[in-house]
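The exercises below are meant to be worked with the sequence and the model side by side. Try each task before reading its solution.

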Amino acid sequence: MTTSGTLYLVGTPIGNLDDMTFRAIATLKNVDLIAAEDTRHTGKLLKHFQIATPQISYHDHNRHQRQAQLLEKLRSGLNIALVSDAGLPGISDPGFELVTSAIDAEITVVPIPGVSAGLTGLIASGLSPEKFVFEGFLPPKKKDRHQLLTQLSQEPRTLIFYEAPHRLVKTLTDLLEHFEGDRPLVCARELTKLHEEFRRGTLETALTHYQQHNPKGEFTLILAGASPQTDHEALTDAEILAQLQALMQQGMSRSGASRTLAQQLNLSRRHIYQLSTELEG
């Protein structure tokens, strides 16, 4: 009876090649095949470390077809290493599906630790690393994003998001609709690379900055969790509406009054604005 091979999950650098571990290099040299998210990208890494192991592509667009092929190779006794373009495979990429299928097939899965952009950004952010929630990339559909951000608006743990430069302003705008504008935010850019940068401030200051300066590089966003609950959160909707109406009677617009009250009460601006639609005039 043929002994099944092993699936190795190999962490790779997120920018600085010096972060590659000795164990990761040895594993990639010794396996029979490397399943890579982008074979051209991984090819540069392999060339740098003089690794001659053949590659096969495994990414979002071919994962269903390729998964069956990889499982068959593992069952036949081949050892395969799974890598992503950067960081740990299975985080914000289709690696998770291959891992679960391998486990279901009773194939041994071995993690080879490496760098993670989320944790790298978190530990240098200055925001609490004691308890955190990793969300990665937000859902692309507006309805799904709204539902998720509404759920997270009162999350007390530090939040970690990933974002590409061309979507950063849109994402910051969406965050500002669900979280307080003065919520501390750290935008970590180009982590471990030559132009690594940590821009520390608030949601509002970050949005203002990147509306005026074109975002460049990949971003890790670390957002402070909600402040400890106060007596304000015990207010009924009717009591919130009464305070909102008082502000509007002073001449403030519906949007302005919602923003001001949200900051005063440490509540979601979107929730207060939705309540305001119940007011007449």
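A residue is called buried when its relative accessible area is under 20%, exposed when over 50%, and partly exposed in between, with a 1.4 Å probe and only protein chains considered. Helices (H or I, at least four residues) and strands (E, at least two) are DSSP runs, numbered from the N terminus. This is a predicted model, in which local features need pLDDT of at least 70 and side-chain atom pairs count only at pLDDT 80 or more, while totals for chains, interfaces and linings use all residues. Residues are numbered from 1 along each chain as its sequence is written, and side-chain values use heavy atoms, with hydrogens and water left out.

**Exercise 1. The chain as a whole**

Describe the secondary structure, the extent and the burial of the chain.

Solution. Begin with the secondary structure, which comes to 11 helices and 10 strands. Next, take the extent: along its principal axes the C-alpha trace spans about 80 × 40 × 30 Å. Then turn to burial, where 45% of the 281 residues are buried. Finally, consider contacts (heavy atoms within 4.5 Å): of those between residues at least 6 apart in sequence, 70% join residues at least 24 apart.

**Exercise 2. The sheet with parallel pairing**

Work out the strand order of the open sheet with parallel pairing, and find which helices lie on this sheet.

Solution. Two strands pair if DSSP finds at least two bridges between them, and on this basis five strands form an open sheet in the order S3-S2-S4-S1-S5. Strand S3 (55-57) and strand S5 (108-112) are at the edges and have a single partner strand each, so one side of each lacks a neighbour in the sheet. From one strand to the next the twist averages 25°, where axes are lines fitted to C-alpha atoms, for helices over the stretch in contact, and angles run from 0 to 180 degrees between N-to-C directions. Now look at one pair: strand S1 (residues 6-10) runs parallel to S5 and is joined to it by five bridges, with Tyr8 opposite Val110 in S5. Helix H3 (residues 63-75) packs on the sheet and touches S1, S2, S3 and S4, at about 145° to the direction of S3. Helix H2 (residues 39-48) lies across strand S2 (33-36), S3 and strand S4 (80-83), and runs at about 155° to S3.

**Exercise 3. The sheet with mixed pairing**

Repeat the analysis for the open sheet whose pairing is mixed.

Solution. Five strands make up this sheet, in the order S6-S7-S10-S8-S9. Its edges are strand S6 (132-136) and strand S9 (197-202), and since each has a single partner strand, one side of each is without a neighbour in the sheet. The twist averages 20° from one strand to the next. Five bridges join S7 to strand S10 (residues 219-223), and the two run antiparallel; Tyr162 stands opposite Thr220 in S10. Helix H7 packs on the sheet, touching S7, strand S8 (184-189) and S10, with its direction at about 10° to that of S10.

**Exercise 4. Helix H7 and the loop before it**

Which residues of H7 are buried, and what covers them? Is His166 buried or exposed?

Solution. The buried residues of H7 are Leu168, Thr171, Leu172, Asp174, Leu175, Leu176 and His178. Their cover includes helix H6 (142-152), S7, S8, helix H8 (203-212), S10 and helix H11 (269-276). His166 lies in the loop between strand S7 (158-163) and helix H7 (168-178), and because its relative accessibility is 65%, His166 counts as exposed.
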